[in-house]
Amino acid sequence: MNYGEIKRTDVANGPGVRVSLFVSGCTHHCKGCFNAETWDFRYGQEFTKAVEERLLALLEPDFVAGLTVLGGEPFEPQNQRALLPFLRKARERYPHKSIWCYTGYLLDEELWECSRARCEATDEMLSLLDVLVDGEFCEAQKDISLQFRGSRNQRIIDVPKSLRQGRVCLLQL
């Protein structure tokens with residue numbers, strides 16, 4: 001897997017100061033995407049063990065609230081397979097910090113059900129997340145006043161609660 005960017009102090013993609021990883025590779029190709037260069041799976045640099053360790057070190061300071069993974073598309077199957085070991089380490093090392101993930105796939109229709117996104121890593125990857133912002137960016141529903149999302153169709157989901165209840169539970173901000 002490649003990644004396009006790492007932001008050390010991101011305040012736009014989840015609450016508080018966060019470390020954000022923008023992965024490369026996306027097959028959605030949403031019209032008006034703010035990060036279209038990351039559609040190419042070869043864009044950026046290789047996501048190596050050294051990059052993982054750098055990210056884990058960036059998460060260490062107390063002022064960092066957590067990790068956000070976006071892209072590109074973290075839930076492209078090849079990206080899930082690469083991210084899963086890293087997310088395990090992040091959760092183990094920083095259990096009190098939140099992990100957010102942005103995806104164009106819908107939790108209940110594509111990640112829980114048979115789809116092109118679902119693979120052997122999907123369920124465990126979801127289990128490591130606190131929040132999932134799902135749904136493709138829809139330029140016709142773009143709304144810059146929305147918190148932590150770009151278009152009105154996107155949902156901010158409480159993943160642990162959704163997994164426990166077997167239905168999508170929106171996060172109360």
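The points below go through the sheet, the helices packed on it, the salt bridges and the unusual backbone positions of a predicted model.

1. The sheet as a whole. Seven strands form an open sheet in the order 3-1-2-4-5-6-7, and the pairing within this sheet is mixed. Strand 3 and strand 7 (155-158) stand at its edges with a single partner strand each, so one side of each of these two strands is left without a neighbour in the sheet.

2. Strand 1 and its partners. Strand 1 (residues 2-10) runs antiparallel to strand 3 (residues 45-46), and the two are joined by two bridges; in this pairing Y3 stands opposite Q45 of strand 3. Strand 1 also pairs with strand 2 (residues 17-23), again in the antiparallel sense, over five bridges. Two positions help to trace that register by eye, since I6 stands opposite L21 of strand 2, while D10 stands opposite R18 of strand 2.

3. The hairpin. Strand 1 and strand 2 form a hairpin with six residues between the strands, and within the hairpin G14 takes a positive phi near 130 degrees.

4. Helices on the sheet. How do the helices lie against the strands described above? Helix 1 packs on the sheet and touches strand 1, strand 2, strand 3 and strand 4 (64-71), its direction making about 15 degrees with that of strand 1. Helix 2 packs on the sheet as well, where it touches strand 2, strand 4 and strand 5 (98-102), and its direction makes about 175 degrees with that of strand 4.

5. Helix against helix. Two packed helices are described by the angle between their axes and the distance between the axes. Here helix 1 (residues 49-58) and helix 2 (residues 77-93) pack at an angle of about 25 degrees, with 11 Å between their axes. Because angles under 35 degrees count as roughly parallel, helix 1 is roughly parallel to helix 2. The crossing of helix 1 past helix 2 is right-handed.

6. The residues in that contact. From helix 1, K49, E52, E53, L55 and L56 meet F86, K89, A90 and R93 of helix 2. Sorted by class, this contact of helix 1 with helix 2 has four nonpolar and five charged residues, and no polar ones.

7. Salt bridges. Side chains of opposite charge can pair when their charged atoms come close. The count for this model comes to 11 salt bridges, taking a side-chain nitrogen of Lys or Arg within 4 Å of a carboxyl oxygen of Asp or Glu. One of them joins R81 to E120, with the closest N and O atoms 2.6 Å apart. This pair links distant parts of the chain, 39 residues apart, with R81 in helix 2 and E120 in the loop between helix 3 (107-111) and helix 4 (122-127).

8. Backbone positions to check. Most residues other than glycine have a negative phi, and most peptide bonds are trans. Against that background, the peptide bond from G71 to G72 is cis, with omega near 25 degrees, and G72 lies in the loop between strand 4 and helix 2. H29, a residue other than glycine, has a positive phi near 55 degrees; H29 is placed in the loop between strand 2 and strand 3.

Key:
Residues numbered from 1 in each chain as written. Predicted model: local features only at pLDDT ≥ 70, side-chain atom pairs only at ≥ 80, totals over all residues. Heavy atoms only, no water. Axes fitted to C-alpha atoms, helices over the stretch in contact; angles between N-to-C directions. Helix = DSSP H or I, 4+ residues; strand = E, 2+ residues; numbered from the N terminus. Parallel < 35°, antiparallel > 145°, perpendicular 65-115°, else oblique. Left-handed = near helix turned anticlockwise from the far one by under 90°. Contact = heavy atoms within 4.5 Å. Nonpolar A, V, L, I, M, F, W, Y, C, P; charged D, E, K, R; others polar. Pairing = 2+ DSSP bridges.
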